Amino acid sequence: MPTVSPDQPLVIVGAGPIGLAAAAHAQARGLPTIVLEAGAGPGAAVREWGHVRLFSAWSELVDPAAAALLARTDWRRPEPTTYPTGAEWIDAYLTPLSAALDATAEVDVRYDHRVVGVAKQGRDRMVDSGREDAAFTVHVRSAGRTTLMTAGAVIDASGTWYGANPLGGDGLPAPGEAEHVDRITYGIPDFTDVATRKRYAGKREVVAGRGASAQNTLLGLTSLAEDAPETEIVWALRRPGLDDAFGGGDNDQLEARGALGKRAQAAVERGPVRVVNSFRAAEVADEGNGQLTIVGSDGRRIEGVDEVVVVTGFRPDLDWLREVRLDLDPVLSAPTKLAPLIDPNVHSCGTVYPHGVAELAQPDEGLYLAGMKSYGRAPSFLALTGFEQTRSIVAAVAGDHEAAGRVELVLPESGVCGGSGQFDGQPTDENGGSCCAPSGELLTIGGSNTCG
């Protein structure tokens, strides 16, 4: 693979939790590194769900290499047993980590730098000759212009946050969905915000999705309905029932997520929530009176809708990787060797085998997917997993293949996250909740420009 050097640094795409963890490991190994982040600061995507509290406690949200670097500063480690919000994760960890990295001789963190393409230098994806030894060309958009950067290796930790799945039941936006996006929210609304509460109070809303994101949204809306009793909530589920919709409860080793499921179940049972099962949206129609009708693929209609909250997961943006050679699973869009380990029909967060460079490397040597981006459409990602990924990848980039091949992670067992690939009526042992993407008042996220 190309050699990392000051003229051909390691380039990390994304300055979220996983991208900055990768930079910390690179700094510890003395690798010249540039971190490119499209946002204005660390964890830019995390900031967008900053009101959401994580499933994982602080003890599982700080990368070991990052902690070692921060220990040389005046950083005070947060109480390990407490659960931060996304905003607290940024302020108490990502921001000081970014500053500490940028102050070193090895790492240069650049914000407002969007990567718009990566290729092998002088070669599109069709060219074989000299490809193995060629460096990467990284196309970067900043300050209104595009510049080229040469890289010896590239870690894509850009996440999936900006690739929210649509309302449409077939994976594509339903007809009318784009036209009425002003009344559709993708992600968990901030119900602590006065303007947001005013937007939803006393209205008829549809919540689409069944993971922890949906649970959190339902909790927020049922709480709002206590102050505005005329608020109506319709929970549209693609599955035929609620048997496993609330996760592992007391059996979930992510204790806070189990508690979230129990609270959501209680809220649904006593609150103003009407459940519509086996509903796959096929059209969003305007009623002409300021309200919408959601039409299902079977012809059923949810009428008089004022607002729609879509919390159906995320997918990776692969467009800017179109000129490099990728080996991705056709279903999950995850690296082919990783896909069987994270298939949501089989695995929960805790049953995913720890993995690293062997599963994440791509055909173009020196290119790696990490963090939530590496999971493609699978929802079962934990920050701890991302930290282990980057440890292994950076060790390989540094030529320490013994360290790259070690497994240094034990994950908590989880009672949720499986089964998202099941179709209506098929049996499943677990539900399709997410361990990552802003999925609940308490969640675990690890990504960068991302789902975190």
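This is a short tour of the structure, with a selection to make at each stop.

**Whole chain**

Start with everything shown, and keep in mind that this is a predicted model. The protein has 11 helices and 16 strands. Of its 452 residues, 60% count as buried. If you draw a surface, its accessible area comes to about 17,700 Å², and 49% of that belongs to carbon and sulfur atoms. Contacts also reach along the sequence: among those between residues at least 6 apart, 72% join residues at least 24 apart.

**Stop 1: the five-stranded sheet**

Now show the strands β3, β2, β1, β7 and β16. In that order they make an open sheet, with parallel pairing. Select 107–110 and 367–369 to see the edge strands, β3 and β16, each of which pairs on one side only. From one strand to the next, the twist averages 15 degrees.

Zoom in on residues 153–156, which form β7; three bridges join this strand to β16, and the two run parallel. To find one of the pairings, pick Asp156, whose bridge partner in β16 is Leu369.

**Stop 2: helix α1**

Which strands does helix α1 touch? Select residues 17–28 and look towards the sheet: α1 packs on it, touching β1 (10–13), β2 (33–36), β3 and β7. The direction of the helix makes about 160 degrees with that of β1.

Measure along the helix if you like: α1 has 12 residues and reaches 17 Å from its first C-alpha to its last, close to the 16 Å expected at 1.5 Å a residue. The helix is mostly covered, with 11 of its 12 residues buried. Among the buried ones are Pro17, Ile18, Leu20, His25 and Gln27. Just after α1, select Gly30, where phi is positive at about 75 degrees.

**Stop 3: the β5–β6 hairpin**

Move to residues 136–142 and 145–151. These are β5 and β6, which pair in the antiparallel sense over seven bridges. As a landmark, Phe136 stands opposite Ala151 in β6. The two strands form a hairpin with two residues between them, and Ala143 in the turn has a positive phi of about 55 degrees.

Before leaving, pick Ser142, which lies in β5. Is Ser142 buried or exposed? Ser142 counts as buried, because its relative accessibility is 18% and the cut-off for buried is under 20%. Leaving aside neighbours within four places in sequence, Ser142 is in contact with Asp112 and His113. Draw a distance from the Ser142 side chain to Asp112: a polar atom of that side chain lies 3.0 Å from the backbone oxygen of Asp112.

**Stop 4: Val206 and its neighbours**

Select residues 204–208 for strand β9, and then Val206 within it. With 2% relative accessibility, Val206 counts as buried. What does Val206 touch, not counting residues up to four places away in sequence? Show side chains for Val234, Ala236, Ile302, Val305, Glu307, Val308 and Val309, which are its contacts on that basis. One of these, Glu307, is 101 residues from Val206 in sequence, yet the two are 6.5 Å apart in space, C-alpha to C-alpha.

**Stop 5: the three-stranded sheet**

Next, show β12, β13 and β14. They form an open sheet in that order, with antiparallel pairing. The edge strands are β12 (281–286) and β14 (301–305), and each pairs on one side only. Direction ignored, neighbouring strands of this sheet are turned by 15 degrees against each other on average.

For a closer look, add residues 292–296, the strand β13, which five bridges join to β12 in an antiparallel arrangement. Pick Val284 and look across to Ile294 in β13, which stands opposite.

**Stop 6: helix α10**

Finish with residues 383–397. How many residues of α10 are buried? The count is 15 of the 15, so the helix is largely enclosed by the rest of the structure. At 1.5 Å a residue, α10 should span 21 Å, and its end C-alpha atoms are 21 Å apart, which agrees. Just after α10, the last selection is Gly399, which takes a positive phi of about 85 degrees.

How values were computed:
Residues are numbered from 1 along each chain as its sequence is written. This is a predicted model: local features need pLDDT of at least 70, side-chain atom pairs count only at pLDDT 80 or more; totals for chains, interfaces and linings use all residues. Side-chain values use heavy atoms; hydrogens and water are left out. Two strands pair if DSSP finds at least two bridges between them. Helices (H or I, at least four residues) and strands (E, at least two) are DSSP runs, numbered from the N terminus. Axes are lines fitted to C-alpha atoms, for helices over the stretch in contact, and angles run from 0 to 180 degrees between N-to-C directions. Contact means heavy atoms within 4.5 Å. Buried means under 20% relative accessible area, exposed over 50%, partly exposed in between (1.4 Å probe, protein chains only). Accessible areas come from the Shrake-Rupley method with a 1.4 Å probe; for residues, only the protein chains shown count as cover. The expected span of a helix is 1.5 Å times one less than its number of residues. A polar contact is a pair of N or O atoms within 3.5 Å; within protein, one must be able to donate a hydrogen and the other to accept it, and residues adjacent in sequence count only if both atoms are side-chain atoms.
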